Each structure stands twice: as structure tokens, then as C-alpha cells.
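This is a walk through one protein model, starting from a few of its residues and ending with the chain as a whole. Please keep the sequence and the coordinates open while reading.

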Amino acid sequence: MAVHDDCKLKFLELKAKRTFRFIIFNIDETNQQVTVEKLGQPDESYENFTSSLPANECRYAVFDFDFTTDENCQKSKIFFISWAPDSSRVRSKMLYASSKDRFKRELDGIQVELQATDPSEMSFDIIKSRAI
């Protein structure tokens, strides 16, 4: 599975410049390549991100999560989310599962990984608890 250069470039922008809040990646099965599907603007919320994920199709995503610790410190963590809803095609789930580790290695700087098959598995509370 090839990874389009744009994937790495946009991820570096998110990590270094905080140009984006999130990035959603799609596997183009025709070209056997991971591509950027959507870029979330810095002012978009977690709800904007979750509503951007298709209900019946697999995706990879990164989300830059800002939070305040109990000691009142501002922090941020970059999440890698593997989205594979139960209703997606079996072939698609297998393709995303088998390509995940190789793709993740291309994105240097991921701090937390999350796998979700249902929106409840990546609720805001879960994200927050995994970040702290």
C-alpha cells in the first residue's frame, strides 16, 4: 500500500504549525494508495471531526486534541484513530487493518492510538481520559 506524499506533508503541518485540527485519510482501492480526504480547520471541534467520518466506511484519522490538565496546564496530544464501523464491507475492514501499521509508521509524532467500530468507542470522554 503506497502513501501519497500529501499525507505526510499535511500531518507535518498539523504537528508543527497546527494548521489543521484533524485530517481524515482514505484508502483509494483503485490506486492502492492512502490519500488525504478531509482537512479540519483549527477552529473546528471534536464533534465536527466525528461527524466527518462516514457511517459505513473505514477511515484513518489524526486529531490534535487540546486539553487542560488538573494542574491547569495547556497540553495537546495527537491521536491516531482507526475507524472501522461494523457496517463497513469486510474487504475494506481487512484492507485498513492490514495497512494500518505501515501507514502509522509514516506519521512520526502520534502519541495515542485508538481503534473504533462505533462512535461510542471514541466519545469525547474516552479521548479525554486517554489523553491525560
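Contact here means heavy atoms within 4.5 Å. The model is a predicted one. With that cut-off, and leaving aside neighbours within four places in sequence, D86 is in contact with K93 and T117. D86 itself sits in the loop that joins β5, residues 74-83, to α3. Is D86 buried or exposed? D86 is exposed, because its relative accessible area is 57% and the cut-off for that class is over 50%. A further reference point for D86 is C58: the two are 28 residues apart along the chain, and their C-alpha atoms are separated by 9.3 Å.

The helix that follows this loop, α3, covers residues 90-106 and contains S99. For S99 the relative accessible area is 8%, so S99 is buried; the limit for that class is under 20%. Which residues does S99 touch, apart from its neighbours within four places in sequence? They are M1, I27 and Y60. The start of the chain enters the picture a second time through A2, which is 97 residues from S99 along the chain, with 9.4 Å between the C-alpha atoms of the two.

A strand residue gives another view. E37 belongs to strand β3, and β3 spans residues 33-40. The relative accessibility of E37 is 35%, which is why E37 counts as partly exposed: the value falls between the 20% and 50% limits. Leaving aside neighbours within four places in sequence, the contacts of E37 are I24, F25, N26 and R59. Of these, I24, F25 and N26 lie within the residue range of β2, 22-28. The C-alpha atoms of E37 and F25 are separated by 5.2 Å, with the two residues twelve apart along the chain.

Next come the loops on either side of β2. R18 is placed in the loop between α1, residues 5-17, and β2, residues 22-28. Its phi is near 55°, a positive value in a residue other than glycine. R18 counts as partly exposed because its relative accessibility is 36%. Past β2, the loop leading to β3 holds Q32. Phi of Q32 is near 50°, again a positive value in a residue other than glycine. Q32 has a relative accessible area of 36% and is therefore partly exposed.

On the other side of β3, the loop between β3 and α2, residues 46-52, includes S45. At 27% relative accessibility, S45 is classed as partly exposed. How far apart in space are S45 and S88? Their C-alpha atoms are 25 Å apart, while the sequence separation is 43 residues.

These residues can now be set into the whole chain. The protein chain has four helices and six strands, which run β-α-β-β-α-β-β-α-β-α from the N terminus on. Over residues 1-132 the chain is 34% helix and 32% strand, and its end C-alpha atoms are 33 Å apart. The UniProt record, an unreviewed entry, places the feature "domain: ADF-H" at residues 1-132.

The overall dimensions come next. Along its principal axes, the C-alpha trace spans about 50 × 30 × 25 Å. A compact globule of 132 residues would have a radius of gyration near 14 Å, and the chain has 14 Å, so the value agrees with that expectation. Among contacts with a separation of 6 or more, 62% are between residues 24 or more positions apart. The pair S99 and M1 is one of the contacts listed for S99 above.

The last items concern surface and charge. Of the 132 residues, 40% count as buried, and S99 is one residue in that class. The accessible surface of the protein chain comes to about 7,100 Å², and carbon and sulfur atoms account for 46% of that area. The chain carries 19 positive and 22 negative side chains; the centres of the two sets are 4 Å apart.

Notes
Residues are numbered from 1 along each chain as its sequence is written. This is a predicted model: local features need pLDDT of at least 70, side-chain atom pairs count only at pLDDT 80 or more; totals for chains, interfaces and linings use all residues. Side-chain values use heavy atoms; hydrogens and water are left out. Helices (H or I, at least four residues) and strands (E, at least two) are DSSP runs, numbered from the N terminus. The radius of gyration is taken over C-alpha atoms; the globule rule is 2.2 Å times the number of residues to the power 0.38. Buried means under 20% relative accessible area, exposed over 50%, partly exposed in between (1.4 Å probe, protein chains only). Accessible areas come from the Shrake-Rupley method with a 1.4 Å probe; for residues, only the protein chains shown count as cover. Lys and Arg count as positive and Asp and Glu as negative; His and the chain ends are not counted. The place of a charge is taken as NZ of Lys, CZ of Arg, CG of Asp or CD of Glu. UniProt positions are given in the numbering used here, feature names are shortened, and annotations may be inferred rather than shown by experiment.
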